[in-house]
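This briefing looks at how a protein meets the two DNA strands modelled with it, taking each strand in turn. Please have the sequence and the structure at hand while reading.

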Amino acid sequence: MLQSSTFNNSLLEWYHSNKRDLPWRRTSDPYKIWLSEVMLQQTQVITVIPYFTKFITKYPTLQHLADADEQALLKDWEGLGYYNRIRNFHSAVKDVKENYNAEVPDNPDEFFELKGVGPYIGGAVQSIAFNHLLAAVDGNVLRVMSRLNEDSRDMTKAGVQQSVKKEIEEIIPLEAGDFNQALMELGATICTPRTPKCIMCPVQEHCEAFKRNTVNNFPIKKKKTKKKEETYNVYFIVNDAQEIFIYKQEGDLLKGMYELPKYDVDTNIENIEEELDVRLDDKRIYIGSDKHVFTHKIWYMESYLLHTTSKNEYFVPVGEVHELPMSIAMKKIFRKFAADEFAEL
DNA sequence: CAGCCGTGGAA
DNA sequence: TTTCCAAGGCT
C-alpha cells in the first residue's frame, strides 16, 4: 500500500505546511546537518537545540571542530550524554579534514566509513545534505512503518530495522531528504508512542492499523532488561593547598569525563591510600547521598570529605574543577560539596 | 546478536 | 514509583 504516489504526496504536502522551524533546518551546510544528527541520537529535539546553537557558534566550520581540543569538546557536550558521540564525531571530522580536504563526502560509501556513522546517520546526512536516495530509519520511522503495515515483527532487532530501511528505499521519492524528515516529523508529532493523533494524520487512509483499530498494539518491541544497582562511596580528598583529588575516567562508561575517587562501600581506607598515593586523616565528614540513573544501571552514592597533607599530579585547585568536563552524576555530588563548609577541616 | 553507552521528560 | 523512550552506534 505504500507503493503509491498518493502516500508520498500526502506526506510531503503535510510536511511542507507543518514542519517546525528547527535550527538545523535553516542550513544547507553538510557539516552542520551532520552535527545535528549526531546530537539527535536518542536525544529529544528540545534538548538538542541549545547545544546545537552553542556548537555552531563556537565551531562554525568543520575545520574549527577538527582543530578543537577534545577536552574542550567534552566540556561543551557536558550534560548531553552518550559522550562517545562527540569523541567519534571529532575523530570523523579530523578524518574528513585530512583525507577529503575538509569537505563532507558527497558519497555514501565514503561517508559510511567514518567513525560514528551508522545506518541512520549515513542515510540522514546523505539524503538531507546531498539528496542521495537513502532511508533514515530511527525510532519514529520504525513506529510509523509498523503501524502503516501492521508489521508484527520485533522492531528492536537490527535485522528487522534493516528490512524496513530497504522497504522504504524501494518507494523513496526524489525529495529523499524531505521525505525522511517528513516520516520522522510525523512520528514525533502525530504518530506518537502514546495517544497518537490519528484524526490529524495526513496518511490515515494508508494505515492498516488505523483501519483495524489496532494502532495501540504497535510497534512490537522486546522488553528492556532491568537496571543493575551499584552502591559507591565517593571521596572529596582535599589538601592544605585547597586542592582536590580528581582524575579522568577510563573504561567505557563516561570515558574522558572527570570523576572523584569512587569505591565499593567495603573498600578499606588503607587500600585507597595505597592506590591513590595519599595519606588520609582519620576524620571524615559525611556530605550526602545521591542517586543517578543511567540507561542500564543505577548508582547510589554516599559522599565524604577527607583531609590529607599529601599532594601529587592528580590534585587540582578547588576553584578550577568547574573547568573540567564532568558527568551529571558527579555534578550532583559537587552541588552538595559547594554548599558545604569544607574549610572547617 | 545482545549488552553497553547518558540524561531528562512524560504518563 | 515505574516504565518508556528520544532523528542510534559500537563491540
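Among the atoms of DNA strand C that lie within 4 Å of the protein, 61% are sugar or phosphate atoms, and the rest belong to bases. For DNA strand B, the sugar or phosphate portion of the atoms within 4 Å of the protein is 62%, with the rest in bases. The model is predicted, and the points below should be read with that in mind.

**DNA strand C**

- Around DNA strand C there are 24 residues, of which Gln42, Tyr120, Ile121, Asp138 and Arg143 come nearest.
- Backbone N or O atoms approach phosphate oxygens of this strand at Gly116, at 2.8 Å, at Tyr120, at 3.1 Å, and at Ile121, at 2.8 Å.
- At least two residues of the surface near DNA strand C come from each of helix 8 (119-128), helix 9 (139-148) and helix 11 (176-189).
- By class, this surface comprises 10 nonpolar, 7 polar and 7 charged residues.

**DNA strand B**

- DNA strand B is surrounded by 23 residues, and the closest are Tyr83, Leu254, His292, Thr295 and His296.
- Leu254 places a backbone N or O atom 2.5 Å from a phosphate oxygen of the strand, whereas for His292 a side-chain N or O atom is 2.7 Å from a phosphate oxygen.
- A base is also contacted, since a side-chain N or O atom of Thr43 is 3.1 Å from a base nitrogen of DNA strand B.
- The elements giving two or more residues to the surface near this strand are helix 10 (158-171) and strand 6 (280-293).
- That surface divides into 9 nonpolar, 10 polar and 4 charged residues.

Notes:
Residues are numbered from 1 along each chain as its sequence is written. Chains are lettered from A and ligands numbered from 1 in the order in which they are written. This is a predicted model: local features need pLDDT of at least 70, side-chain atom pairs count only at pLDDT 80 or more; totals for chains, interfaces and linings use all residues. Side-chain values use heavy atoms; hydrogens and water are left out. A residue is near a molecule or strand if one of its heavy atoms lies within 4 Å of it. A polar contact is a pair of N or O atoms within 3.5 Å; within protein, one must be able to donate a hydrogen and the other to accept it, and residues adjacent in sequence count only if both atoms are side-chain atoms. Helices (H or I, at least four residues) and strands (E, at least two) are DSSP runs, numbered from the N terminus. Ala, Val, Leu, Ile, Met, Phe, Trp, Tyr, Cys and Pro count as nonpolar, Asp, Glu, Lys and Arg as charged, and the others, Gly among them, as polar.
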